[in-house]
Each structure stands twice: as structure tokens, then as C-alpha cells.
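Trainee: I would like a close look at a single part of this protein. Please take one group of paired strands and go through its pairing, cover and charged contacts.

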Amino acid sequence: MSWGTELWDQFDNLEKHTQWGIDILEKYIKFVKERTEIELSYAKQLRNLSKKYQPKKNSKEEEEYRYTACKAFLSTLNEMNDYAGQHEVISENMTSQITVELARYVQELKQERKSHFHDGRKAQQHIETCWKQLESSKRRFERDCKEADRAQQYFEKMDADINVTKADVEKARQQAQMRHQMAEDSKADYSSILQKFNHEQHEYYHTHIPNIFQKIQEMEERRIVRIGESVKTYAELDRQVIPIIGKCLDGIVKAAESIDPKNDSQLAIEAYKSGFEPPGDIEFEDYTQPMKRTVSDNSLSNSRGESKSELKFGGKSKGKLWPFIKKNKLMSLLTSPHQPPPPPPASASPSAVPNGPQSPKQQKEPLSHRFNEFMTSKPKIHCFRSLKRGLSLKLGATPEDFSNLPPEQRRKKLQQKVDELNKEIQKEMDQRDAITKMKDVYLKNPQMGDPASLDHKLAEVSQNIEKLRLEAQKFEAWLAEVEGRLPARSEQARRQSGMYDVQNPPAVNSCAQDRESPDGSYTEEQSQESEVKVLATDFDDEFDDEESLPAIGTCKALYTFEGQNEGTISVVEGETVYVIEEDKGDGWTRIRRNEDEEGYVPTSYVEVYLDKNAKGAKTYI
């Protein structure tokens with residue numbers, strides 16, 4: 001089966017067919033190219049998707065990935081990133097092994113096809129030229145034969161006419177002979193050209209065209225084979241990444257199988273466990289005895305004068321209600337104080353009492369009286385306001401010993417801090433060792449450097465190590481205290497930590513008396529102090545209007561007050577300042593000297609002039 005013998009007369013159709021084959025090859029190249037673009041786009045989208053859901057560094061999300069379910073999700077993201085990489089490999093391999101190679105082959109194919117059809121057209125033009133020569137010699141031979149025939153007829157006519165002279169007859173005879181000779185020459189020439197044409201035609205149809213068509217056939221078959229190889233390569237390139245993609249999917253399955261709900265539950269306990277015990281039972285209060293109530297050991301209104309054997313608010317290993325204070329607003333309202341503000345100091349120099357006036361003791365009213373008043377009047381939330389005020393002043397920043405946290409969370413934070421300090425100490429020690437070795441090298445080889453130049457750096461590193469060790473010992477002591485290995489710190493140790501500024505006035509029974517000074521200090525026992533500190537943010541939802549208070553009037557200092565406690569502000573006798581919060585019943589007024597100076601002064605130390613048009617201002621007669 002050969003195109004040269006079977007398709008010897010289909011030159012034009014073969015030209016169209018081979019061009020169609022090249023078009024098919026270019027179409028396949030375009031298909032593969034678009035497939036590579038899709039693979040790249042898909043890989044890019046997968047990578048962006050994986051990156052989008054990756055946990056952000058140094059954020060809360062990083063802590064969440066301690067849970068096995070989150071770890072499985074993170075493993076899925078990482079595997080999808082590798083999965084995307086395999087699609088990039090497919091794209092790269094298809095581009096280099098199919099698209100580029102086929103594009104180069106198409107250019108070569110076009111050149112080869114052009115060369116073959118050029119040879120075919122050349123042979124075709126040659127046979128057409130031979131055919132034209134044959135036709136020309138044939139027409140000449142025919143013309144000469146006709147001329148010779150006419151000349152012969154004219155001679156015979158002249159020879160038969162008796163009236164024609166002999167010379168004319170002779171001339172006609174010679175003319176006839178010449179025409180016959182020319183016809184014979186044309187015949188010979190035509191015969192020769194005919195033989196030559198037949199030879200050329202035989203060569204054309206049996207040698208030249210078959211050879212050219214055979215080459216075109218081989219070229220076309222190579223093109224078909226190349227397409228088949230490319231299709232096979234197309235599939236193999238996909239098949240090559242299947243094992244790796246399978247490993248990615250196996251990794252996802254393995255991550256899913258590693259999810260441990262029990263472990264996640266334990267991690268949740270470690271993350272949120274406060275270490276407090278649930279509140280104990282509330283004892284029955286007998287109201288059959290008038291004006292006398294049985295004080296519950298677990299009541300929020302326990303007096304600080306009670307013995308330590310009794311249950312106290314915030315006491316260690318006792319029932320505690322303060323973590324739920326937002327949920328027990330009724331109890332707080334029922335225990336809010338009902339007493340007049342403290343009287344002005346008797347001395348003309350009230351600055352001698354730097355901590356301000358103390359509120360007198362007052363026995364608590366029966367619970368039924370408080371409840372009736374609560375039901376028949378507006379709730380008095382100044383206790384909440386003052387409590388929030390003290391807490392916000394005292395907890396403006398996180399305490400160094402994390403005493404604002406529940407015991408278990410505090411232990412974890414302290415342990416984390418100790419580990420960080422130990423790492424820093426080890427880093428500084430490695431640096432010290434390196435400097436020491438360098439100094440030894442300088443001592444042995446003075447030309448390399450001056451050993452004395454390293455003394456300052458060595459002393460600085462040693463000093464840093466000593467500071468870090470002291471810091472680590474401080475946190476280890478706090479950690480040991482939390483874990484129960486050491487006794488509770490003394491009041492002096494608490495003051496050294498810089499986070500406790502506590503006064504100890506006589507025990508009283510009201511909420512206002514519990515927070516005698518506006519700096520938020522509480523007069524509970526030292527063991528209770530760290531537990532009573534509730535983050536001020538717990539109250540922000542209820543009292544957002546406490547921020548950036550506007551001036552509601554002015555006041556004039558009647559006496560000089562030296563504000564030595566945190567949250568208070570000093571005033572000089574006769575000084576006029578702005579009032580931004582009036583006395584809420586606790587004996588303190590909040591004032592502002594300028595944008596950066598504000599605080600509390602005893603109400604009895606100033607004369608207040610409220611603006612009647614100010615929001616929330618009261619009218620005094």
C-alpha cells in the first residue's frame with residue numbers, strides 16, 4: 001500500500017490532507033497548553049486556599065491547633081499544599097515534554113512538507129513542459145504535412161495544365177519536394193519528442209511521483225505516530241504523580257484517624273480549668289428572730305471580722321461565688337451599702353490622713369428589708385460602678401505574677417514564663433561560652449585580636465544571666481506557691497511584686513466598706529486578695545458609659561489632700577478643678593485637673609458645684 005501507486009493522481013488532495021494533519025497536531029498542542037494552564041491555576045488556587053486557612057503566627061489560632069481535630073485540619077492543609085505541588089509538576093512536565101517538543105516538531109514537519117510538495121510541483125512542471133513541447137512538434141508536423149500536401153496538389157495541377165510553362169511546372173515541383181522534406185523533418189522531430197515525452201511521463205508516474213508521495217506518506221505516518229506518543233506521554237505524566245497524590249490522601253486519612261476526642265477534651269480542661277471548687281451549700285437563714293439573721297458561711301456578705309475557720313468570699317479551698325458575680329447581680333444589689341458619705345475631717349490639716357476618711361461601721365440590714373427595697377425602688381448600682389472603678393485602676397495591666405488568673409491558668413502561665421526564661425538563660429550561657437572561647441583564642445594568638453576588648457561584652461552577658469536567673473527564681477517561687485510547695489507569700493513580698501497596694505481598715509459589712517479606697521484595694525485577707533481581682537472587662541458590657549466621662553461641674557478644694565494611693569489625686573486648698581463623676585455613695589468624688597491628670601478625692605474635702613445642664617447632674621438646694 002503506497003500513496004505513490006494508489007494516489008498517483010491525487011496531488012492536490014494529498015496536499016490538503018497533510019495540511020489537515022498539521023492542523024490536528026497544532027490543535028492537540030493547544031489543548032495540552034490549555035490543560036497546563038488549568039493545572040497551574042488549580043494549583044495556585046489550592047495553595048491560596050491552604051494559605052488562607054493556615055493559622056496566623058503569634059495569634060490565638062496557633063493555640064487552637066493543639067487539639068487533635070485542629071491538627072488533622074492543619075495536616076489536611078499541608079497535604080493539599082503538596083497536592084497542589086503535584087499539579088504544578090504535571091503542568092511543568094506537559095509543557096516541557098509535550099507542548100515544547102510538539103511545537104518544535106510542527107515547525108520541522110512544515111518544512112519537510114513544503115520541501116516534498118516543492119519537489120512534486122517541480123516534477124509536475126517538468127512533465128507539463130515536455131507535454132507542451134510534444135504538442136508544439138505535433139502541430140508543426142501536422143502543419144508541414146498539410147503544406148506538403150497542398151504543394152503536391154498544386155504541382156500536379158500545374159503539370160496537367162498545358163498552358164503553363166515548363167519553368168513554372170519545375171518551380172512547383174521543387175516547391176512540393178521542399179514541403180515534403182519539411183514534413184519529413186517535422187515527422188522525425190515529432191517522433192523524437194514523442195519518445196522523450198513518453199520516457200519522461202513514465203519516469204514521472206512511476207518514479208518521481210511515487211518517490212515524492214512515498215516520502216509524504218512517511219512524513220504523515222511519523223506525524224500520526226508522534227501524536228500517539230504524545231497522547232501516551234500525556235497519560236503517563238498524570239500516572240507518575242498518582243503515587244504521590246495517593247500519599248497526600250493517605251496523609252489526610254492518617255490525620256483524620258489521629259483525631260482523639262478524649263485528648264481534645266483533656267486539652268480543653270487544661271486550657272480552661274480554673275482550679276476553684278464549686279460553691280458550697282447556702283445555709284438556711286432563720287428569720288423567725290426579728291432583726292437577727294443567721295450568717296451563711298458561703299454568703300457574699302461575710303464580714304471580714306469572722307474567724308478564718310469560717311467560709312469566706314474568695315477563701316482558698318472554700319465555696320466561691322465571685323467567679324459568677326455577673327450572674328448573681330441580685331445578691332450584689334441586696335448587699336449594696338446604705339450609709340451617708342464620710343464626714344469631713346475634724347483636723348484643719350486633713351492631709352495628715354493621707355489615705356482619706358474611713359467610713360463608719362454599720363450593721364447589715366435584714367435580707368427581707370433589702371429585697372423589699374430592691375423590688376420597690378430602682379436598683380442602686382453604684383456598688384458596681386465603684387467596684388469596676390477600683391478594678392479598672394488596679395488591673396490596668398496584667399499583673400507580673402498573673403494573680404488575676406484562676407489558679408490552674410496561673411500555674412500554666414508561670415510555668416510557661418519559667419521555661420522561656422530558662423531558654424533565654426541557656427542562650428546567654430552559650431553566648432558567654434562562645435565569647436570565652438574567643439578570648440582564649442585571642443590570648444593564644446594576640447595577632448587575631450585584643451582579649452581585653454571582650455571583657456566588657458563578657459561582663460554584660462554575665463550580668464544578663466544573673467538578671468535572668470533572679471527573674472526565673474522569682475517566677476519559680478510564685479510557681480511553687482501555686483503548686484503548694486511553698487507557703488503563701490507575706491504582705492511584704494506581695495508589695496515587692498509591685499502589684500499589691502492593700503490597706504487593712506477595720507472590718508465592715510457593706511460593699512462600699514469592702515472597697516474603702518477608690519484605688520480598688522480590698523481589705524480581705526492576703527490569701528483572698530488575688531482571687532477577688534476580677535478583670536475589669538467583665539463589667540465593660542454593663543458600664544460602657546464610664547469611659548471618657550465629660551465634666552459635669554467644678555469643685556473647690558476646702559482642704560489640702562495628698563493622694564498617696566493609686567487612683568487618688570492630690571489637691572491644694574483653694575484649688576478649682578473639674579468634676580467628672582459625683583459621689584456614688586462611697587465618699588469619693590472623681591475629678592480632673594487636665595486631660596492627663598484625674599483621680600479621686602474625698603467628697604468631704606471639696607465643695608462641688610454641679611452644672612444643672614450636664615447629663616446626670618443632680619440639683620442641690
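Mentor: What follows goes through the strands near the C-terminal end of the numbering and then places them in the whole model.

The model is predicted, so local features are given only at pLDDT of at least 70 and side-chain atom pairs only at pLDDT 80 or more, while totals for chains, interfaces and linings use all residues. Residues are numbered from 1 along each chain as its sequence is written, and side-chain values use heavy atoms, with hydrogens and water left out.

Start with strand 3, residues 588-592. Strands here are DSSP runs of E with at least two residues, helices are runs of H or I with at least four, and both are numbered from the N terminus. Of the 5 residues in strand 3, 4 are buried, so the strand is largely enclosed by the rest of the structure. Buried means under 20% relative accessible area, exposed means over 50%, and partly exposed lies in between, with a 1.4 Å probe and protein chains only.

Strand 3 pairs with strand 2 (residues 576-581) in the antiparallel sense over 3 bridges; two strands pair if DSSP finds at least two bridges between them. These two strands form a hairpin with 6 residues between them. In that turn, Gly 585 has a positive phi of about 110 degrees. Across this pairing, Glu 581 stands opposite Arg 590 of strand 3.

Strand 3 is also joined to strand 4 (residues 598-602), by 5 bridges, and the two run antiparallel. The hairpin connecting strand 3 to strand 4 passes through 5 residues. Trp 588 has Pro 602, in strand 4, as its bridge partner.

Now the charges. Arg 590 forms a salt bridge with Glu 598, the closest N and O atoms being 2.8 Å apart. A salt bridge is a side-chain nitrogen of Lys or Arg within 4 Å of a carboxyl oxygen of Asp or Glu. Salt bridges that share partners join Glu 581, Arg 590, Arg 592 and Glu 598 into one network. Arg 590 counts as buried because its relative accessibility is 16%. Glu 598, with a relative accessible area of 33%, is therefore partly exposed.

For context, the structure holds 23 salt bridges. Another of them links Glu 39 and Arg 35, with closest N and O atoms 2.7 Å apart. Both residues lie in helix 2, 4 residues apart, about one turn of the helix, and both are buried. In helix 4 (residues 68-160), Lys 146 and Glu 142 also sit 4 residues apart, and their side chains meet in a salt bridge at 3.5 Å, N to O. Lys 146 is partly exposed, because its relative accessibility is 45%.

On the whole chain, the protein has 15 helices and 5 strands, and 37% of its 621 residues count as buried.

Confidence varies along the model. pLDDT, the predictor's confidence in each residue on a scale from 0 to 100, averages 74 over the protein, and 70% of the residues score at least 70. Among the elements, helix 2 has the highest mean pLDDT (93) and helix 13 (residues 511-514) the lowest (36). Residues 347-395 stay under 50, and so do residues 616-621. Where pLDDT is low, the predicted coordinates should not be read in detail.

Methods:
Contact = heavy atoms within 4.5 Å.
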